[in-house]
Amino acid sequence: NIKLIKGGMPANYGGRLSSVLDIVTIDGNDTAFHSDGSVGLISSKIIVQGPLKKKKSSFFISARRTYVDILAIPVLKVIEPDQSWGYFFYDINAKVTYNVSAKDKLFLSGYIGRDVFKVKNNVSGFGLRTTWGNSAGTLGWRHIFNDKLLLKANLIFTGYSNAIDISQGDFLVRLSSGIDDIDSKLDFNYYPIESHQLQFGANFIFHTFTPTNVAVKTDELNSLDFKKKIRLYSYDGAAYILDNYDLSDKIGINIGLRYSFFQHIGPFNRFVKNETGLITDTIKYKSGENVQLYQRLEPRVTFRYTLTSSSSIKAAFSQNYQYIHLVSYATVSLPSDVWVPSTEIVKPQLSTQYALGYFRNVWDNKYETSVESYYKAMKNLIEYKDGYAPEDDLLDNPDNNFVFGNGNAYGAELFVKKRTGK
């Protein structure tokens, strides 16, 4: 299932200024084996699912790969015989579900995806290879206390990494970065009456950032690999409560409050510079020691008014804080996204958004349509300084190479969704 939340996100979502795409993977078939597959001109995929123990446990796995690189080789040899080129990606999804009892369900799911691009000139010896991708794993528990209270508990690992290899003969330079997260989440759903839903919960994340790493190899005997990679650590947590309440047949409200905190921790060395940019001192923080702490409240409210059985008006207000930041090398036109945390220099990004929309179902509710206007004001947006190069981080704190600013976005969005049938 896929759910898109554009206008005002409820308080159970946070950590980003953007909209929400909530994706739920299927459980495997617990009664019979099924397999599906397809072979296309540039990619193929396969899906297999079935019971591990009928009515008790099931599995699901899907895999996909493109083969543009294989198909393009003979064509490129004719067009450009001195140059080899290739691009492909693959991804794998897997899930195992176990029904412990009528009130308890466990599942373990995983994902891995990679993109690989490479090009090499066989005459000059110049080559470039870049890889990027994500991985994720979730251990989840669902427990029904009674017909009014439901618990969802998750332990999650996610990771993102990218690397760019630039070679010339025996000479090789590698730029790499990444982020790894360990996340724990508890969510409770409480239904006191049919028209009233309460949600509350909390989550805690431990971030490990690798903003920039540079490795140089000149030949088999001489290499300069910065084994002491720049790593930054932080805690990221939140607690929330929201109330989704139908005041009448026509009026409904979703009101919520989210408390979030972010703590940049050691080990960390802060380089102190003078007016000329030379390092004059170093402030050293021990492992787990507080470097910088931020705490914020994020109010959210959505109001809806039903005009007819098939149309309604919705208005929303939301504030969001984003404590981890995505920046890209302006000098490298490649997949080079770098994640960095909030520090004493990098402040959390803030957005304040207002939205107003008209929603209408047509043709016997087969189609859902909407037009929604919005205005979003943003603060503490982040970008690299002009002229920045990745090696600038090696003898400096990465956050000394950023510039900051404010922004706004406004407009209208049209949306059509087919609700039933193929």
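This report describes the strand pairing, nonpolar cores, surface patch and salt bridges of a predicted model.

Residues are numbered from 1 along each chain as its sequence is written, and side-chain values use heavy atoms, with hydrogens and water left out. Because the model is predicted, local features need pLDDT of at least 70 and side-chain atom pairs count only at pLDDT 80 or more, whereas totals for chains, interfaces and linings use all residues.

**Strand pairing**

Strands are DSSP runs of E with at least two residues, numbered from the N terminus; two strands pair if DSSP finds at least two bridges between them. Strand β13 (residues 232–246) pairs with strand β11 (residues 196–217) in the antiparallel sense over 14 bridges. Within this pairing, N244 in β13 stands opposite Q197. β13 also pairs with strand β14 (residues 251–265), again in the antiparallel sense and over 14 bridges. Here Y235 has Q263 in β14 as its bridge partner. With 4 residues between them, β13 and β14 form a hairpin. In a regular strand, side chains alternate between the two faces of the sheet.

**Nonpolar cores**

A nonpolar core is a set of buried Ala, Val, Leu, Ile, Met, Phe, Trp, Tyr and Cys residues joined through side-chain atoms within 4.5 Å. Buried means under 20% relative accessible area, exposed over 50%, and partly exposed in between, with a 1.4 Å probe and protein chains only. The largest core has 14 residues, and the members that touch the most others are I179, F209, F268, Y323, I324 and W339. A second, separate core of 9 residues includes V338, V346, I382 and Y384. Contact means heavy atoms within 4.5 Å. Apart from neighbours within four places in sequence, F209 is in contact with ten residues' worth of surroundings listed here in full: G178, I179, I230, R231, L232, S234, I324, W339, V340 and P341.

**Surface patch**

A nonpolar patch joins Val, Leu, Ile, Met, Phe, Trp and Tyr side chains within 5 Å, from residues with over 30% relative accessible area and no salt bridge. Accessible areas come from the Shrake-Rupley method with a 1.4 Å probe, and for residues only the protein chains shown count as cover. F303, Y305, L307, I313, L356, Y358, V371 and L414 form such a patch on the surface, with about 700 Å² of accessible area together. Two or more residues come from each of β17 (290–308) and β21 (349–362), and β17 gives the largest share, 3 residues. L414 lies in strand β23 (residues 402–418) and is exposed, with a relative accessible area of 74%.

**Salt bridges**

A salt bridge is a side-chain nitrogen of Lys or Arg within 4 Å of a carboxyl oxygen of Asp or Glu. The structure holds 13 of them, including the three tabulated here.

| Pair | N to O distance |
|---|---|
| K105 and D27 | 3.1 Å |
| E344 and R270 | 3.0 Å |
| E298 and R300 | 2.8 Å |

K105 lies in strand β7 (residues 104–121) and D27 in the loop between β2 (20–23) and β3 (34–39), so their salt bridge ties together parts that are 78 residues apart in sequence. Both are partly exposed, K105 at 25% relative accessibility and D27 at 32%.

The pair of E344 and R270 links distant parts of the chain, 74 residues apart: E344 is in the loop between β20 (337–341) and β21, and R270 in strand β15 (residues 268–273). E344 is partly exposed at 32% relative accessibility, whereas R270 is buried at 6%.

In the third pair, E298 is buried, with a relative accessible area of 1%, and R300 is buried at 3%. Elsewhere, K6, E372 and E413 are linked in a network of salt bridges.

Definitions and conventions: Patches are made of residues with over 30% relative accessible area and no salt bridge: like charges are joined within 9 Å, nonpolar side chains (Val, Leu, Ile, Met, Phe, Trp, Tyr) within 5 Å.
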